[in-house]
Amino acid sequence: MPIVIGLIAVTLVSLIPEPQRRLVNAVLVAGAGAAYLSGGGLGYAEFILPIVMTYVAYRGLSSWTWIGIGWLLHTTWDVLHHLGDSPLLPFAPLSSFGCAICDPVIALWCFAGGPSVLGRLRDRLSRKAEDAPQV
C-alpha cells in the first residue's frame, strides 16, 4: 500500500503546473523534515533533520535533484524511527516503515524531473494511436 500511496501522491502533485510544482515540492520536503519533532524518539538528534531539510528545501527551489535527496533523507529518518520503535504516527506502529517505502517512490519521480504523470500518459497513448496500423 505505501507504494500505491506514493504513486497517488506523485500523480496529484504532478497536476500542479510548472514551475509551481517544483516550488510546492520544495515546501513539502521542508515540512517532511519536521514531521517527527513532536515525537522526540531520537532525543535532541530530532533537531538535525529539520535543519538539514531546510537547506535541502532551499536548494530544491531550483533543483528537482535536491528535492529527491530530501525525500531520501526523510527515508533514512523513517528507518531510524521504525528501528527505534518511535513511529511517525503513535497510533499506527508501522507508519514509519510505510513512510520509508513511500518516500523513495516520490524521490524517484523527483530525480526524473517531477514530470506530469497524466501528461506523460496522454503522450504515450497518443503515440500508440499514431503507430497503430490503419485499417
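Where is Ser-63 found? Ser-63 sits in the loop between helix H3 (48-60) and helix H4 (64-83). Before we look at that loop more closely, please keep in mind that this is a predicted model.

**Overall build**

Let us start with the whole chain. The protein has six helices and zero strands, and reading from the N terminus the elements run α-α-α-α-α-α. Taken along the principal axes, its C-alpha atoms fill a box of roughly 70 × 30 × 15 Å. The protein counts 135 residues, and 34% of them are buried.

As for the surface, about 8100 Å² is exposed, with carbon and sulfur atoms supplying 71% of that area. Turning to charge, there are 8 positive and 8 negative side chains in the protein. The centres of these two sets lie 11 Å apart.

**Contacts along the chain**

If you take the contacts between residues at least 6 apart in sequence, 68% of them join residues at least 24 apart. One pair to look up in the viewer is Ile-8 and Leu-118, which are 110 residues apart along the chain. The C-alpha atoms of Ile-8 and Leu-118 are separated by 11 Å. Ile-8 belongs to helix H1 (residues 2-13).

**Four residues and their exposure**

Here are the residues with their relative accessible areas.

| Residue | Relative accessible area | Class |
|---|---|---|
| Arg-21 | 7% | buried |
| Ser-63 | 17% | buried |
| Glu-18 | 34% | partly exposed |
| Ile-8 | 46% | partly exposed |

Why does Ser-63 count as buried? The cut-off for buried is under 20% relative accessible area, and Ser-63 counts as buried because its relative accessibility is 17%. Ile-8, at 46%, is partly exposed.

**The salt bridge**

How many salt bridges does a search of the whole structure find? The search finds one. Its partners are Arg-21 and Glu-18, and their closest N and O atoms are 3.9 Å apart. The cut-off for such a pair is within 4 Å, so the distance of 3.9 Å qualifies. The two partners differ in exposure class: Arg-21 is buried at 7%, whereas Glu-18 is partly exposed at 34%.

**Back to the loop**

Now we can return to Ser-63, in the loop between helix H3 and helix H4. A polar atom of the Ser-63 side chain lies 3.3 Å from the backbone nitrogen of Thr-65. To see this in the viewer, show the side chain of Ser-63 together with the backbone of Thr-65.

Technical notes. Residues are numbered from 1 along each chain as its sequence is written. This is a predicted model: local features need pLDDT of at least 70, side-chain atom pairs count only at pLDDT 80 or more; totals for chains, interfaces and linings use all residues. Side-chain values use heavy atoms; hydrogens and water are left out. A salt bridge is a side-chain nitrogen of Lys or Arg within 4 Å of a carboxyl oxygen of Asp or Glu. Buried means under 20% relative accessible area, exposed over 50%, partly exposed in between (1.4 Å probe, protein chains only). Helices (H or I, at least four residues) and strands (E, at least two) are DSSP runs, numbered from the N terminus. Contact means heavy atoms within 4.5 Å. Accessible areas come from the Shrake-Rupley method with a 1.4 Å probe; for residues, only the protein chains shown count as cover. Lys and Arg count as positive and Asp and Glu as negative; His and the chain ends are not counted. The place of a charge is taken as NZ of Lys, CZ of Arg, CG of Asp or CD of Glu. A polar contact is a pair of N or O atoms within 3.5 Å; within protein, one must be able to donate a hydrogen and the other to accept it, and residues adjacent in sequence count only if both atoms are side-chain atoms.
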